[in-house]
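Reader: I'd like to go through this one by asking how each label was earned. Can you take me through it?

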Amino acid sequence: MKDAVTEAFVHPYIPNTAPAVKQAMLDAVGAESVEDFYADVPEDLRLRRPLNVPAPLPAEQDLARHVKGILAANRSTEERLSFLGAGTYNHYVPAVVDEVIRRSEFLTAYAGEPYEDHGRFQALFEYQSLMAELLAMDVVNVPTYDGYQAAATGLAMAGRLTGRRRVLALSDVLPEKLSKVIDYVRANLDIEHIATTGGVADVDALAAALDDGVAAVWVETPSFTGAVETQLSEIADAAHAAGAVVVVGTDPVGYGVLTPPALQGADIVTGDIQSLGLHQWFGGAHAGFIAVHDDPRFVMELPSRLFGLESTTVPGEYGFGDVAYERTSFAQREEGKEWVGTAAALWGIAAGVYLSLMGPEGMREHGELLLARTRYAQHRLASIPGIRLGDDALHLREFTICLDGISAGDAVSALRREGIEPGVVVDESTLLVCVTDTTSATDIDRLADALAAVATSKEESK
Amino acid sequence: MSLPIAPKTSPRRFHQASWDEPIVFELSTPGERGIAITPVEPAVRDAVGDIVADLPKHMRRPEPPALPEIAQMRVLKHYLRLSQENLGSDLNVDIGQGTCTIKYSPKINDQLIEVPQLRSIHPAQDPADTQGALEMIWRLERLMAEISGMDAVSLASPGGSAGIWTNIAMIRAYHESRGEGEQRDEVITTIFSHPSNAAAAKVAGYKIVTVYPDADGYPDLGALKAALSERTAAIMVTNPEDTGIYNPAIKEWVDAAHEVGALASYDQANAAGILGITRARDAGFDVCQFNLHKTFAAPHGSGGPGAAANAVSAALEPFLPGPRVQQVDGRFVVREPGELSIGHVAPAHGVILHVVRAYAWIMSLGAEGMLTASQIAVLNNNYLLKRVLEIPGASAPYATGRRRIEQVRYSWQELFEETGISSEEIGIRMADYGFHYWTSHHPYIVPQPFTLEPTECYSKAELDEYVAALAQVAREAREDPELVRTAPHNQTVHHTHHDDLDDPERWAITWRAYQRKHFGVVRADAVDALAGAAAS
């Protein structure tokens with residue numbers, strides 16, 4: 001059979017196509033052609049035609065022109081004034097973070113052992129440790145995919161720990177996240193949503209709903225609408241009295257100033273680290289954390305890898321290794337805890353670098369800045385006739401506004417014409433507005449003025 | 001000594017970087033900082049006052065987090081030193097991590113994703129402002145449909161195992177939509193399929209049936225048929241399996257599954273040798289997933305992010321996760337998941353960085369390039385197989401005398417019996433020569449296993465260098481086993497103890513836990529580890 005390889009085909013990513021080298025390798029193994037190697041693939045399964053894909057662009061500059069040409073249709077949030085959040089946040093990313101994660105030693109490594117990849121183990125152990133300080137918990141995992149997965153696994157852990165099925169969700173949850181969580185846990189858990197009051201948990205309703213069938217009480221703080229749960233201690237006391245586990249979904253960005261959930265009774269704290277040093281990437285750069293106390297019952301339910309410190313044969317030397325590896329699906333397939341696979345380690349390294357740069361003072365100032373700008377934006381927007389705040393709760397970074405006289409969709413369309421993304425449409429009359437360290441007071445003023453103009457023109461046209 | 005210099009040895013004389021770097025907390029000097037924060041503006045301060053002081057007292061963090069305080073250059077230096085103590089595939093001949101397809105990740109692709117028009121876009125922006133990103137998703141979906149032969153594709157899954165989860169979630173929803181959700185409560189896989197197939201199906205609520213190979217190492221069709229019934233929801237198989245053996249009866253496997261009303265799910269993590277050779281559709285599969293960070297050359301990132309492409313038949317398309325991207329009148333629009341969809345499996349549209357990288361890789365190679373990549377990967381593998389089997393003590397169990405596709409699961413059992421040196425010990429010694437080497441996934445059905453996957457990206461000279469190191473270590477195992485047993489000798493650190501890692505009283509998963517458990521240093525914000533915990 002004719003060898004399908006064109007003898008002259010040489011691509012910079014593929015050595016061993018030079019005819020002499022290829023022939024030498026075929027000779028070494030006693031093969032007539034590469035076809036010999038596919039002897040086990042039945043002929044009726046063979047694709048005996050070229051794949052129908054566009055002509056290639058092997059020259060780098062041609063490829064770059066093509067790809068950049070497609071991406072050039074995008075307008076970034078550097079060209080627009082964006083108040084978009086809802087799970088993906090436009091925070092400043094320090095240059096050192098990008099510098100470190102672009103290093104090809106980190107970028108192109110994978111599953112090396114703690115010897116040749118000592119640096120990866122140490123960087124991720126440090127990530128776990130830095131997150132642990134921020135969260136005031138003693139155990140943090142090597143990152144899972146995202147905050148959705150982290151919450152889903154946190155609840156699944158609670159189910160395994162208690163052997164119960166009910167989950168009481170007390171907060172407004174990002175709808176996309178809720179979609180993932182429900183589908184992930186539904187073989188073992190039933191999620192019941194208890195309506196929020198004033199943007200936060202209804203503690204009385206919780207008390208009425210709790211019984212000995214409740215595996216977990218699930219709190220999101222900040223919630224989908226940016227509301228910070230201020231009654232977590234009461235919630236945790238009630239949950240614990242019923243033997244339920246308190247699972248929190250959070251964004252760690254505020255814990256330089258805000259009390260972390262572990263100090264208010266949370267047993268399993270989960271969340272996303274996109275806010276800690278990752279660009280927006282169209283919502284494509286997320287990583288999830290799961291934190292627990294150093295209680296083996298909880299630790300042994302974690303599916304993720306956990307990198308631990310170890311001694312070596314040389315005094316004073318730090319070694320690393322996998323803690324309790326036998327938990328994992330790598331060790332036990334379906335008998336392990338859920339599964340572990342390639343998830344988001346590089347983003348863990350990024351968040352570690354970010355927290356190392358920020359330090360306690362940076363995280364305190366950053367948290368204060370976010371709280372202050374959130375409050376300022378709430379003031380400015382709520383003072384516009386026809387606009388009011390969705391609730392009076394304490395908010396971090398995000399809050400909802402309710403519009404009278406103009407639909408949220410129309411307001412968004414009107415402001416987009418001015419280069420402003422005012423927020424995410426929640427429903428016909430509600431917008432979710434997000435401020436960060438990249439939206440200055442002047443930017444917030446511009447948003448307020450533009451929204452005021454839209455609201456006013458609607459008033460006048462009535 | 002004077003010129004000339006002696007010729008180079010093979011294996012080379014290597015030493016990994018060893019900075020004896022402290023833990024980042026040990027670099028802390030109170031009062032230093034690594035980055036300045038943009039200040040609260042006077043206008044904001046005037047309007048909101050002291051926002052932190054106004055917090056309810058119980059919401060104000062009582063003690064600042066005990067993060068380190070380090071000036072910027074020292075933070076940079078610390079992490080660059082750690083990076084040097086890491087052996088990425090850009091530095092070594094990374095063929096030792098079989099099943100994981102460590103290809104060359106083209107540098108141009110890393111540059112292409114760094115444009116602000118990708119890095120700084122938000123998924124909720126006006127779609128008119130994100131047409132480029134949506135087009136990129138749409139284009140890669142079309143390419144993956146052609147490569148798989150399937151009808152529809154989603155790029156939403158943020159990893160290979162996440163893609164396997166998406167497969168089983170769709171299968172579950174499909175059977176439920178037909179009223180067979182409760183009846184079909186079993187999933188069949190093979191022992192040489194990736195463990196996540198079994199593990200993800202278990203999470204979805206299924207009982208797992210695992211089929212072992214027949215005497216020749218091929219997936220046992222008879223055992224499959226005995227296991228199939230009206231209770232089977234799906235078969236979930238990797239092919240070629242992690243042994244590098246292509247199941248020649250794969251069509252019969254799929255047909256047998258279909259005969260009992262089960263679906264067939266194809267884990268294409270091992271597709272690097274069959275692009276343009278054979279397709280999931282041709283064997284009759286209903287769903288499959290490719291790993292963009294393996295087969296399509298996106299980098300592995302020290303363990304992620306990854307990304308998967310889930311490709312399905314038209315019958316399964318309604319179950320794909322959302323959001324979906326569609327082309328309407330030349331514009332790209334986003335559609336939220338429909339009624340039958342499993343919903344969202346991750347934020348937004350998935351890992352767009354890898355979508356662009358995979359697209360760029362395919363566009364660089366084209367049809368002939370992808371076919372060549374597969375053929376050279378397979379040539380490299382069979383060449384490597386020949387060379388490894390020349391090393392006394394190495395073997396390749398199963399399918400003796402047959403060719404393999406893109407990888408081989410080898411065994412050092414003979415060497416182990418002779419010398420007492422295990423595959424794991426050989427792996428540690430391999431690092432001394434500058435190579436990564438992995439044993440294999442558990443359980444060790446193949447005794448003293450190791451799995452090599454050379455891909456198309458490494459030259460013959462590099463393969464020879466790797467084999468020379470393997471042969472050298474095998475020789476050392478016979479002639480100086482203590483040298484191997486006490487390895488590593490040329491690494492960042494020396495032989496590491498493991499006992500504390502499995503002892504809850506002693507394990508140290510974070511620096512604060514280490515300080516508490518081994519030095520009695522307790523943080524001001526420590527919570528008694530057991531006080532609040534439920535589930536007692």
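Author: Sure, and let's start with a sheet in chain A: seven strands, open, mixed pairing, in the order 2-8-7-6-5-3-4. Keep in mind that this is a predicted model.

Reader: What makes strand 2 and strand 4 of chain A edge strands?

Author: Strand 2 (139–140) and strand 4 (190–193) of chain A each have a single partner strand, so one side of each has no neighbour in the sheet.

Reader: How do you know that strand 3 and strand 4 of chain A pair?

Author: Two strands count as paired if there are at least two bridges between them. Strand 3 (residues 166–169) of chain A and strand 4 of chain A have four bridges, in the parallel sense, so by that cut-off they pair. If you want a spot to look at, find A:Val167, which sits opposite A:Ile191 in strand 4 of chain A.

Reader: Over to chain B, then. Why is chain B called as compact as a globular protein of its length?

Author: First, the inventory: chain B has 15 helices and eleven strands. For its 536 residues the globule rule gives 24 Å, and the radius of gyration of chain B is 26 Å, which is close, so chain B is as compact as a globular protein of that length. Along the principal axes, its C-alpha atoms fill a box of roughly 75 × 75 × 55 Å.

Reader: What makes a residue of chain B count as buried, and what percentage of them are?

Author: A residue is buried if 20 or more other C-beta atoms lie within 10 Å of its own. In chain B, 60% of the 536 residues are buried. As for contacts between residues at least 6 apart in sequence, 72% of those in chain B join residues at least 24 apart.

Reader: How is chain B split into domains?

Author: The assignment gives domain 1 (24–84), domain 2 (116–363), domain 3 (367–485) and domain 4 (497–527). The C-alpha centres of domain 1 and domain 3 of chain B are 48 Å apart. Chain A has domain 1 (1–63), domain 2 (81–90 + 360–461) and domain 3 (95–355), and there the centres of domain 1 and domain 2 lie 56 Å apart.

Reader: How do you know that chain A and chain B are in contact?

Author: Contact needs C-beta atoms within 7 Å, and 192 residues of chain A are in contact with 185 residues of chain B. Helix 12 (residues 345–382) of chain A supplies the largest share of chain A's side, 25 residues. That side divides into 99 nonpolar, 51 polar and 42 charged residues.

Terms used:
Residues numbered from 1 in each chain as written. Chains lettered and ligands numbered in written order. Predicted model: local features only at pLDDT ≥ 70, side-chain atom pairs only at ≥ 80, totals over all residues. Domains from an automatic or database assignment. Helix = DSSP H or I, 4+ residues; strand = E, 2+ residues; numbered from the N terminus. Rg over C-alpha atoms; globule rule 2.2 N^0.38 Å. Buried ≥ 20, exposed ≤ 12 C-beta atoms within 10 Å, placed from the backbone. Contact = placed C-beta atoms within 7 Å. Nonpolar A, V, L, I, M, F, W, Y, C, P; charged D, E, K, R; others polar.
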